[in-house]
Every structure is written in C-alpha cells, then in structure tokens.
Amino acid sequence: MTIQDFIPPPYTKMIENASVSYQSPSNIALVKYWGKHGEQLPQNASISFTLSNCKSETTLDFEKKTKGGYDFKVYLDGHREKEFEPKIEKFFNRVAPYLPFINEYRFVIKTQNTFPHSSGIASSASGMSALAMCLVGLESQLNDPKNERLQNKQYQLQKASFLARLGSGSAARSINGPLVVWGAHPKIKGSSDLFGTTYPYKVHDNFSNYHDTILLVDKAEKQVSSTVGHDLMHNNPYAKQRFEKANSNLEQLISIFETGDLDSFIALVESEALQLHAMMMASSPYFILMKPNTLKIIDSIWGFRKATNSQVCFTLDAGANVHVLYPSSERQQVQQFIKNELSIFCKDGSYIDDFTGTGASTI
Ligand code: DP6
C-alpha cells in the first residue's frame, strides 16, 4: 500500500447532513515509538497492547456548506474547547488530500473520554483514532456503494489508522487490537510505516486478556510535549542505536509471544520503558518526566517480584504515570498489591484498571 491508495476517486453521492459516532481506545506501547521523520513516519517499528476501558467516544455531526476553508467546532464533555482547535486544524490540513470532502462540510466534533480529563493519560491516541474512524465512516457514505475496494471493511480500518497517524503517531495503533504493530519491520509481515496492522503471528495464551493498571502519579500537563520530545531525537547522540535496538527488541518479541516466556517479556518491556526515558535525559535540552513517586513504584514492583515470584512488570509512556502490566492469572494478587502498596504513591490514590481490547468500533 502507498499513500496513493488512500486518495479516493470522485465521490458518487452527496449527503446534506448526518451524524456518525465511534469509540476508540488508548494503547500502551511495549516497544516504543520515539523519533519520527517526514510526515508522521516513525524512525522505528513499535508494538502496543490496545486497551479497553480508557477510550474516547466521538460524534461527528456534519452538514453541507458552500466551499471555502475548514469549518468546525470541538466540544469536550459538552463544553466548547477552543484550545483543541489548532491541533484539529493542523490535522485537517494533513488529511485534506485524502478526504476531499473536508472543506465541503461544516463539522461539530463532540467527544468525551472515559478516563478523567486531567489524569495525565494521553488522550491523543484515543481521540485522534476516534475522529479518524468518524471521518472514514462519513466517507464510506459518499463513496460508490458498489466499489468493493472502498467499501471493504479492512480497507476502511487501514485508512482510519492511516489518518489517525497523521493526527498522532501512536493513534495509528488504536484502531485494531489486541496487539498492533506500526512501522515497517522486515520480520513482521504486512507491517507499514503508514498505518498500524494487527500482529500477525502466534500469541501464547499467557498474553490473553493481559492487564494494565495505570497508576496516576501526576495529573498535571507534561512540561515537554511528545511532539517536542520526538523532535529532540534528531540531535540525540544515541538516536541511531536506539532505533536499531527498538527494531531488534520487536524481533525478539516474536519468539516471546510464541512461547509465552514471561520472564523475557518483562526484561524487554521494562528495558524499553527505561530506554525511552533515557533518551529524554540524553536529549539537548535534557528533561525528566518521571517523578520521585514513579521511581518508588518501580522499586516496589521489583521488590514484590523478588519476594513473590510474581510476573508483574511496569512500563511508562511519555509522562510520570506508571502502567503496571500483569497476566490475567495474577489479577487478584497484583490488584491487592496495587491497592495496599502502590496506591499511596498515586495522586489522590487514583488508578485505572484496564486490560487488552480489540480496538475501535461504532457506537
Ligand atoms: C512515548 O503519538 O503522542 O507514548 O505523533 O507527536 O502525536 P505524536 O506523538 P505520540 O507519541 C507517543 C510516544 C510514546 C510511545 C508510544 O506510544 O509508542
């Protein structure tokens, strides 16, 4: 597939007004995307677990207008969010070549998240993927109903991931589930820099219904955005080695997923999280997004693992919150541990229980 495959032929239908609604979850990367080039293309392949509970629910109302610039309003939880509009405008600019209808409609985007707004959880993956699903849902009504390629569900999901990527790279991995690869990798069949693809090989039962409890350590807005962080990889002296390591880690995961080797999984996933943050510390200017409680949690997880032989581990995204990952067979024991020993390190004691899911769907 090339970008040309996402430019539609002239539409055969026109709709005056209607509404579409989709929900799309967040995801947590096991091998991280950190560094990009060109138009939202990753420097290395990444893989993530798609989540279930942390999601955005988005409704796109649209009505025909005479041509001109973009016309849209964004509402979050029922309130107009002018703050989001420059980001959406940038997104519309990027997707316009692939969605020629975009300046022929007036849009109202109404979105809400199932996780607290100020939780420090990145809502860009779920938010951008839900919006991309809505745009593809609308486009499918404008396309020739008899055109099998354009009406094919698989093609539409690929296009949604392609568009979501243009909004936020990690959003490309939220359309499908439970394991999604984004970024071309020689050992992963069908993988692409342009969109996310469901992990195509055998996955051991140890990984079914994997759990992720997100510990909310810091709910404040990050001091350094992901976009700025990615950009700093251009001058990072360790960038080349990091991109190579990410790709080799992803290759290593293939046999780990097949055999269900949780010890190797833990070692790889924790190392990925720490390498991501090491890249931040090695950037110029350098920065640290972890907080003292992030480290206290990591230390407690290591202590608990040693004492109990549990197969709990952690990963981090670009922030201070900690994702605690564990197999569903350890659910009771680990959730008790989180409640008793880790929640004290969370802001207001808050955390969110989640588990792997299958991606975006209509509401
Ligand atoms: C650390 O997808 O938020 O979560 O493409 O600039 O929107 P943009 O960045 P974003 O970066 C996510 C980085 C990460 C790792 C990951 O999800 O792979």
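Reader: In which loop is Asn 309 found?
Author: This is a predicted model. Helix 8 comes before the loop and strand 11 (313-316) bounds it too. Asn 309 is found in the loop between helix 8 and strand 11.

Reader: What is the phi of Asn 309?
Author: Asn 309 is not a glycine. Its phi is positive all the same. The value for Asn 309 is about 65°.

Reader: Is Asn 309 buried or exposed?
Author: The relative accessible area of Asn 309 is 66%. Exposed means over 50%. Asn 309 is therefore exposed.

Reader: Which class of accessibility does Asp 77 fall in?
Author: Asp 77 is found in the loop between strand 5 (71-76) and strand 6 (79-80). Asp 77 is not a glycine, yet has a positive phi of about 50°. Its relative accessibility is 44%. Buried is under 20% and exposed is over 50%, with partly exposed in between, so Asp 77 counts as partly exposed.

Reader: What is the omega of the peptide bond from Ser 284 to Pro 285?
Author: Pro 285 is found in the loop between helix 7 and helix 8. Ser 284 lies in the loop between helix 7 (262-281) and helix 8 (292-308). The peptide bond from Ser 284 to Pro 285 is cis, with omega near 0°.

Reader: What is the relative accessible area of Ser 284, and how far is Ser 284 from Lys 219 in space?
Author: Ser 284 is exposed, with a relative accessible area of 60%. In sequence, Ser 284 and Lys 219 are 65 residues apart. In space, C-alpha to C-alpha, Ser 284 and Lys 219 are apart by 25 Å.

Reader: Where does Pro 178 lie, and what is the omega of the bond from Gly 177 to Pro 178?
Author: Pro 178 lies in the loop between helix 4 (153-167) and strand 8 (179-182). The peptide bond from Gly 177 to Pro 178 is cis. Its omega is near -10°.

Reader: Which residues does Asn 247 touch, not counting residues up to four places away in sequence?
Author: Asn 247 has its place in helix 6 (residues 239-259). Its relative accessible area is 24%, so Asn 247 is partly exposed. Asn 247 and Val 31 are 216 residues apart in sequence, but 8.3 Å apart in space, C-alpha to C-alpha. With residues up to four places away left out, Asn 247 touches Asn 44, Ala 45 and His 185.

Reader: Which side chains of strand 13 are buried?
Author: Strand 13 covers residues 351-355, and its side chains alternate. Tyr 351, Asp 353 and Phe 355 point to one face and are not buried. The buried side chains point to the other face: Ile 352 and Asp 354.

Reader: What is the bridge partner of Ile 214 in strand 13?
Author: Strand 10 (residues 211-215) and strand 13 run antiparallel. Five bridges join strand 10 to strand 13. In strand 13, the partner of Ile 214 is Ile 352.

Reader: How many helices and strands are in the protein chain, and what is its radius of gyration?
Author: The protein chain has nine helices and 14 strands. The globule rule gives 21 Å for 363 residues, and the chain comes close to that, so it is as compact as a globular protein of that length. The radius of gyration is 20 Å.

Reader: What percentage of contacts in the protein chain between residues at least 6 apart in sequence join residues at least 24 apart?
Author: Of the 363 residues, 54% count as buried. For contacts between residues at least 6 apart in sequence, the share joining residues at least 24 apart is 76%.

Methods: Residues are numbered from 1 along each chain as its sequence is written. This is a predicted model: local features need pLDDT of at least 70, side-chain atom pairs count only at pLDDT 80 or more; totals for chains, interfaces and linings use all residues. Side-chain values use heavy atoms; hydrogens and water are left out. Buried means under 20% relative accessible area, exposed over 50%, partly exposed in between (1.4 Å probe, protein chains only). Helices (H or I, at least four residues) and strands (E, at least two) are DSSP runs, numbered from the N terminus. Two strands pair if DSSP finds at least two bridges between them. The radius of gyration is taken over C-alpha atoms; the globule rule is 2.2 Å times the number of residues to the power 0.38. Contact means heavy atoms within 4.5 Å.
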